[in-house]
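The following exercises concern a single protein model and the molecule bound to it. Each task is followed by a worked solution that proceeds step by step.

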Amino acid sequence: MSKPKILVTRAVFPDVIERLEQHFEVESNQDDRILSPAELAEKVKGMDGIFTTPSERVTAEVLAANPSLKAVCNMAVGFNNIDVDAATKAGIVVTNTPDVLNETTADFAWALLLATARRVTESEHWLRAGKWQKWRFDTFLGADVHGATLGIIGMGRIGQAIARRSMGFDMKVVYHNRSRVAPELEARANNAQYVGKEELLKTADHVILALPYSPQVHHIIGAAELAMLKPTATLVNIARGGIVDDAALIDALRANRFAAAGLDVFENEPNFNPAFLTLSNVVLTPHIASASEPTRRAMANCAAGNLIAALTGGTPPNILNP
Ligand code: DGY
């Protein structure tokens, strides 16, 4: 019997490709170019499943291009790149890679928080530019992280992992979420206190965004919300572009309405708004919050495991279809 056919849309660990080859006839996008929906619609023809990454837009048109497609397995916990409703209507299984990246992503949220509050990259650029002449009492004064109030928007598993780390910094945690999380989870998350979004933005010293993207949360942080932040506050986004209105953020940073931002995600990444590059009060990283060696490997294997289960008669562990 011939093996099912799959498309791996981007470069991925060679041993994961080898694992997939044990079960499937694999076509992989060796040159690693991001495929447009139109290209993807062409490539998907004749495939039983696709292994995708957050860069590919798996639209209703892509899904409709191949009536025999059975599974779309995303190598990410976020899945806003896939039209899950259209997939569900077409009977196509969609999966993601939850849990394996929680701790690594939380570590990185802290890396950005500390770098942003304590002006790590800004001062390094200054030093590298040969501007360090003498010690001064006021060189790169930043905000304290220890003892401060941390506001987390999105108290899912990543938000909770971020909150747990704040215990070591003697912080108070407030959070906002679609709904309040169970009291035992709040207790483990440094006794996090549920508050409204406005109260969080007005009272937190440092705000971290850790919520999934959906059209309902598009631009929930815009000019009005940014104006609520304390003048000394920092804002970190490790969630998704589109949650923050980047144009409004650039205006607010340019006007120094609050201290600084740390951004791992952007609207229209990787072609993000170049105005960010002109600002010194922002730390910029290229969507790498989950990018530790073991975690990216675990994500790739999780996506592969989902695809293998979906196409060999099993039940994938991480199905997203309702
Ligand atoms: C995710 O898993 O959604 C991450 O953003 C990918 O790095």
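**Exercise 1. Recorded domains and assigned domains**

The UniProt record (unreviewed entry) places the feature "domain: D-isomer specific 2-hydroxyacid dehydrogenase NAD-binding" at residues 111-289. UniProt positions are given in the numbering used here, feature names are shortened, and annotations may be inferred rather than shown by experiment. The model itself is predicted: local features need pLDDT of at least 70, side-chain atom pairs count only at pLDDT 80 or more, and totals for chains, interfaces and linings use all residues. Residues are numbered from 1 along each chain as its sequence is written.

Task: describe the recorded spans, and then set out the domain assignment and the contact between its domains.

Solution. Step 1: residues 111-289 are 30% helix and 15% strand, and the end C-alpha atoms of this span are 9 Å apart. Helices (H or I, at least four residues) and strands (E, at least two) are DSSP runs, numbered from the N terminus.

Step 2: a further UniProt feature, "domain: D-isomer specific 2-hydroxyacid dehydrogenase catalytic" (unreviewed entry), is placed by the record at residues 6-321. That span is 34% helix and 14% strand, with its end C-alpha atoms 20 Å apart.

Step 3: the domain assignment gives domain 1 (5-99 + 293-311) and domain 2 (102-284); such bounds come from an automatic or database domain assignment. The contact takes four residues from domain 1 and seven residues from domain 2, two residues being in contact if their C-beta atoms, placed from the backbone, lie within 7 Å. On the side of domain 1 that touches domain 2 there are no nonpolar, three polar and one charged residues. In this classification Ala, Val, Leu, Ile, Met, Phe, Trp, Tyr, Cys and Pro count as nonpolar, Asp, Glu, Lys and Arg as charged, and the others, Gly among them, as polar. The centres of the two domains, taken over C-alpha atoms, are separated by 31 Å.

**Exercise 2. The ligand shell**

Task: which residues are around the ligand, and how do the residues of the shell divide by class?

Solution. Step 1: the residues around the ligand are Pro54, Ala76, Val77, Gly78, Leu101, His287 and Ser290. A residue is near a molecule if its C-beta atom, placed from the backbone, lies within 6 Å of it.

Step 2: the shell divides into four nonpolar, three polar and no charged residues.

**Exercise 3. Three residues and their surroundings**

Task: decide whether Met75 is buried or exposed, and do likewise for Ala71; then place Thr203.

Solution. Step 1: Met75 lies in the loop between strand S4 (71-74) and helix H4 (84-89). Met75 is buried because it has 26 C-beta neighbours inside 10 Å. The cut-offs are 20 or more other C-beta atoms within 10 Å for buried, 12 or fewer for exposed, and in between for partly exposed, with C-beta atoms placed from the backbone. Leaving out residues up to four places away in sequence, Met75 touches Phe51, Thr52, Thr53, Thr97, Met299, Ala300 and Ala303. Met75 and Thr53 are 22 residues apart in sequence, and their C-alpha atoms are 5.0 Å apart.

Step 2: Ala71 lies in strand S4. Ala71 has 24 C-beta neighbours inside 10 Å and therefore counts as buried. Beyond four places in sequence, its contacts are Gly49, Ile92, Val93, Leu307, Ala310 and Leu311.

Step 3: Thr203 belongs to helix H9 (residues 197-203). With 16 C-beta neighbours inside 10 Å, Thr203 counts as partly exposed. Its contacts, not counting residues up to four places away in sequence, are Thr149 and Val174.

**Exercise 4. Backbone geometry in loops**

Task: where is the cis peptide bond that involves Pro270, and what are the phi values of Asp32 and Asn268?

Solution. Step 1: the cis peptide bond joins Glu269 and Pro270, with omega about 5 degrees. Pro270 is in the loop between strand S11 (260-263) and strand S12 (282-284).

Step 2: Asn268, also found in the loop between S11 and S12, is not a glycine, yet has a positive phi of about 55 degrees. Asn268 is exposed, because 10 other C-beta atoms lie within 10 Å.

Step 3: Asp32 has a positive phi near 65 degrees and is found in the loop between strand S2 (25-28) and helix H2 (37-43). Asp32 has 12 C-beta neighbours inside 10 Å, so Asp32 counts as exposed.
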